[in-house]
Amino acid sequence: MIDTRKPQLPYSAADNQHERYPQAPFAYTMLPRNTALTDAHLLVVDDQPDQLQLLIDVLRNAGCRISVAFDGSQAYQRALAISPDLILMDVRMPRLDGFAACRLLAADPRTCAIPVIFLTVAGDLHERLSGLEIGGVDYVVKPFEAAEVLARIRVHLTRVNGKRHVEEEVSASDLTSNSVIVRAAIRHLSQRLNNPPTVEQLARLVGTNEKRLSRAFRDNLGRTVFEYVRDERLRIAQRLLSSTSLSIASIAQEIGFSSAANFATAFRERLGMTPSTYREELRSRDLTSTREPALDTE
């Protein structure tokens with residue numbers, strides 16, 4: 001059962017709330033309700049009780065229904081259970097941070113359409129771009145203004161209203177936690193095949209450990225993480241060889257091989273011919289097909 005009870009603030013946090021955020025109480029108590037927010041079900045994720053309390057007060061005043069989670073792992077599980085309309089998620093949390101949770105949410109067909117707005121105290125541009133890159137739709141910087149939070153939520157609820165759907169027909173029984181981890185890892189790798197993280201780094205990015213990630217790849221794909229990266233690189237290499245005029249060295253660099261020689265060796269081991277021979281054979285086939293005589297219609 002999902003516990004939606006209002007978290008209890010420590011006395012010191014409640015007592016200093018007006019002092020730390022002097023504008024917040026006045027900002028949200030005077031805001032009119034908006035139909036886009038009324039009865040919207042939001043999942044709020046933060047490990048700081050005072051931050052949670054402020055957000056809950058703002059959102060309840062706007063007519064929203066609220067569920068809460070205290071770390072990224074709990075956020076992912078509750079999103080599966082309740083399918084909220086939108087998630088407000090802190091970035092820096094123990095156990096599983098907001099970015100790792102977002103990778104899992106984006107990789108799961110059951111939760112990929114739920115918009116995620118990150119909450120952060122960081123003004124770092126790189127961190128904000130990273131959050132948007134992995135699937136977040138927006139950012140709210142702490143300390144927040146209530147009117148801004150509600151405006152951003154309203155915009156994204158309006159955009160997804162009536163359009164939430166599952167990307168592919170996958171029943172809950174077809175998905176396991178390990179398959180979602182693999183999907184999240186593949187999404188991350190697809191953007192970094194030329195410079196992939198180590199298995200240990202990749203595991204941390206999707207909220208697991210190296211041993212479990214390796215086992216998940218073997219169980220779901222029949223390949224190790226290294227074998228998957230190699231095969232994807234060579235698949236892209238085949239496409240580039242057939243559809244572009246890039247040099248062999250340029251293709252090797254594009255897909256992350258340290259040298260053209262290493263690329264040629266891996267390509268030959270996998271496809272039984274060098275990249276140059278592969279390209280020449282493709283060109284020969286194309287020339288043959290264009291030179292075929294026209295049918296005699298007389």
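**Notebook: helix packing, sheet and cores**

I began with a helix pair: the axes of α4 and helix α8 (residues 146-160) approach within 11 Å and cross at roughly 65°. The model I am reading is a predicted one. I noted the hand of the crossing, and α4 passes α8 in a right-handed sense. I then listed the residues that make this contact: α4 supplies Leu 55, Val 58 and Leu 59, and α8 supplies Ala 146, Val 149, Leu 150 and Ile 153. Sorted by character, the residues of the contact of α4 with α8 come out as seven nonpolar, no polar and no charged.

**Entry: the chain as a whole**

I recorded 15 helices and five strands in the chain. Of its 298 residues, 43% are buried. I also looked at contacts with a sequence separation of 6 or more; residues 24 or more positions apart account for 66% of them.

**Entry: the sheet**

I traced the strand order next. The five strands form an open sheet, ordered β2-β1-β3-β4-β5, with parallel pairing. Which strands stand at the edges? They are β2 (65-69) and β5 (138-141); each has a single partner strand, so one side of each lacks a neighbour in the sheet. Neighbouring strands of this sheet are turned against each other by 20° on average, direction ignored.

I checked two of the pairings in detail. β1 and β2 run parallel and are joined by five bridges, and Leu 42 stands opposite Ile 66 in β2. Strand β3 (residues 86-90) pairs with strand β4 (residues 116-120) over four bridges, in the parallel sense. In that second pairing, Ile 87 is placed opposite Val 116 of β4.

**Entry: strand β1**

I asked how many residues of β1 are buried. Five of the five are, so the strand is largely enclosed by the rest of the structure. I then separated its two faces: His 41, Leu 43 and Val 45 lie on one side, Leu 42 and Val 44 on the other, and all are buried.

**Entry: helices on the sheet**

I returned to helix α4 (residues 49-61), which lies across β1 (41-45), β2, β3 and β4 and runs at about 165° to β2. Helix α7 (residues 125-133) also packs on the sheet, where it touches β4 and β5. The direction of α7 makes about 145° with that of β5.

**Entry: nonpolar cores**

I looked up the largest nonpolar core and found 53 residues in it. Those with the most contacts inside this core are Ile 87, Met 89, Phe 118, Leu 213 and Phe 263. Helix α12 (residues 225-243) contributes the largest share of the core, eight residues. A second, separate core has 25 residues, including Val 58, Val 68, Leu 150 and Leu 157. Val 58 and Leu 150 I had already met in the contact between α4 and α8. As general background, nonpolar side chains in soluble globular proteins tend to be buried together.

I followed Phe 263 individually. Setting aside residues up to four places away in sequence, Phe 263 touches Leu 234, Ala 237, Ile 248, Ile 251, Ala 252, Ile 255, Phe 257 and Pro 275.

**Entry: three loop residues**

I looked at Thr 208 in the loop between α10 (199-205) and α11 (210-221). Is Thr 208 buried or exposed? Its relative accessibility is 16%, so Thr 208 counts as buried. Not counting residues up to four places away in sequence, Thr 208 touches Ile 181, Ala 203 and Leu 213.

I then took Thr 244, which sits in the loop between α12 and α13 (248-255). Thr 244 has 27% relative accessibility and therefore counts as partly exposed. Apart from its neighbours within four places in sequence, Thr 244 is in contact with Arg 239 and Arg 279.

I finished with Arg 95, placed in the loop between β3 and α6 (98-107). At 69% relative accessibility, Arg 95 counts as exposed. Which residues does Arg 95 touch, not counting those up to four places away in sequence? I found Asp 71 and Ser 73. I also noted that the C-alpha atoms of Arg 95 and Gln 74 are separated by 9.6 Å, the two residues being 21 residues apart along the chain.

Note on methods
Residues numbered from 1 in each chain as written. Predicted model: local features only at pLDDT ≥ 70, side-chain atom pairs only at ≥ 80, totals over all residues. Heavy atoms only, no water. Core = buried A, V, L, I, M, F, W, Y, C linked by side-chain atoms within 4.5 Å. Buried < 20%, exposed > 50% of the residue type's maximum accessible area, 1.4 Å probe, protein only. Contact = heavy atoms within 4.5 Å. Pairing = 2+ DSSP bridges. Axes fitted to C-alpha atoms, helices over the stretch in contact; angles between N-to-C directions. Left-handed = near helix turned anticlockwise from the far one by under 90°. Nonpolar A, V, L, I, M, F, W, Y, C, P; charged D, E, K, R; others polar.
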